[in-house]
Amino acid sequence: MSRICPQCAAEMKQEEARTEVVNYEGDSLIVSGLSGWFCTACDEALFDDESALRYGAAGDTLIAKSHARQQAEIRRIRKKLGLTQVEAGQLVGVGKIAFSRYERGESQAPGPLVKLLRLVDRHPELVAEVRAA
Ligand SMILES: [Zn+2]
């Protein structure tokens with residue numbers, strides 16, 4: 001039995017104990033003993049069910065870690081600026097409870113909001129200007 005890569009049409013090779021590195025936002029995890037079909041030309045992999053679950057779980061772990069890091073960063077910046085969650089929400093233009101949800105990880109802060117917070121973290125003198133905008 002042979003398979004053709006759905007991405008690049010090169011030949012795929014079956015393996016039983018493949019090691020893959022899962023990367024997400026600067027973090028990585030090594031997952032060993034993966035079985036499935038692997039492209040000989042590109043990065044495409046068609047994992048067997050159990051391997052797909054383990055590979056996916058590693059990705060979920062990295063995403064959770066990244067979210068936790070972002071929650072901590074948002075809280076640190078808010079406290080450094082001396083703002084309550086309500087004030088921080090007003091500053092970045094989100095509802096009263098949205099900011100607390102971001103800090104507790106109940107929802108993911110939008111990327112532009114995180115960038116704005118990082119900017120006022122580096123330039124706290126801009127807070128008054130952002131508030132007035
Ligand atoms: Zn391929």
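A donor, for the metal site here, is an N, O or S atom within 2.8 Å of the metal. With that in hand, let's walk through this predicted model, starting at the zinc.

**The zinc site**

Four cysteine sulfurs hold the zinc ion: the SG atoms of Cys5, Cys8, Cys39 and Cys42 coordinate the ion at 2.2 to 2.3 Å. Along the sequence, these donor residues follow the spacing C-x2-C-x30-C-x2-C. What about the geometry? The angles between the four donor atoms run from 105 to 118 degrees, so the arrangement is tetrahedral; the cut-off for that label is that all angles lie between 85 and 135 degrees. Two of the ligands can be placed by accessibility: Cys5 counts as buried because its relative accessibility is 3%, while Cys8, at 38%, counts as partly exposed.

**Aromatic rings**

Three aromatic pairs turn up in the structure. Two of them share Phe47, and ring pairs tie Phe38, Phe47 and Tyr55 together as a cluster. Here is how those two pairs look:

| Pair | Centre distance | Plane angle | Type |
|---|---|---|---|
| Phe38 and Phe47 | 5.8 Å | 70 degrees | edge-to-face |
| Phe47 and Tyr55 | 4.7 Å | 35 degrees | tilted |

Phe38 is buried, at just 1% relative accessibility, whereas Tyr55 is partly exposed with a relative accessible area of 27%.

**Two nonpolar cores**

Nonpolar side chains in soluble globular proteins tend to be buried together. Which residues touch the most other members of the largest nonpolar core? They are Ile74, Phe99, Tyr102 and Leu117, out of 17 residues in that core. The helices share the work: α1 (49–80), α2 (85–92), α3 (98–104), α4 (111–122) and α5 (127–132) each put in at least two residues. The largest share comes from α4, with four residues.

Tyr102 gives a good view of the surroundings. Setting aside neighbours within four places in sequence, Tyr102 is in contact with Gln71, Ile74, Val94, Ser107, Gln108, Ala109, Pro110 and Leu113. Apart from this core lies another one, made of seven residues, including Val31, Leu34, Phe47 and Leu62. Phe47 therefore belongs to this second core as well as to the ring cluster.

**A buried aspartate**

Last stop: Asp27, in strand β3 (residues 27–39). Is Asp27 buried or exposed? Asp27 counts as buried, since its relative accessibility is 16% and the cut-off for buried is under 20%. Leaving out neighbours within four places in sequence, Asp27 makes contact with Val22, Leu62, Lys65 and Arg69. Leu62 is also one of the residues in the seven-residue core.

Technical notes:
Residues numbered from 1 in each chain as written. Predicted model: local features only at pLDDT ≥ 70, side-chain atom pairs only at ≥ 80, totals over all residues. Heavy atoms only, no water. Donors = N, O, S within 2.8 Å, 3.2 Å for Na, K, Ca; no water. Tetrahedral: all angles 85-135°; square planar, octahedral: opposite > 155°, others 65-115°. Buried < 20%, exposed > 50% of the residue type's maximum accessible area, 1.4 Å probe, protein only. Core = buried A, V, L, I, M, F, W, Y, C linked by side-chain atoms within 4.5 Å. Contact = heavy atoms within 4.5 Å. Phe/Tyr/Trp six-rings, centres within 6.5 Å; stacked < 30°, edge-to-face > 60°.
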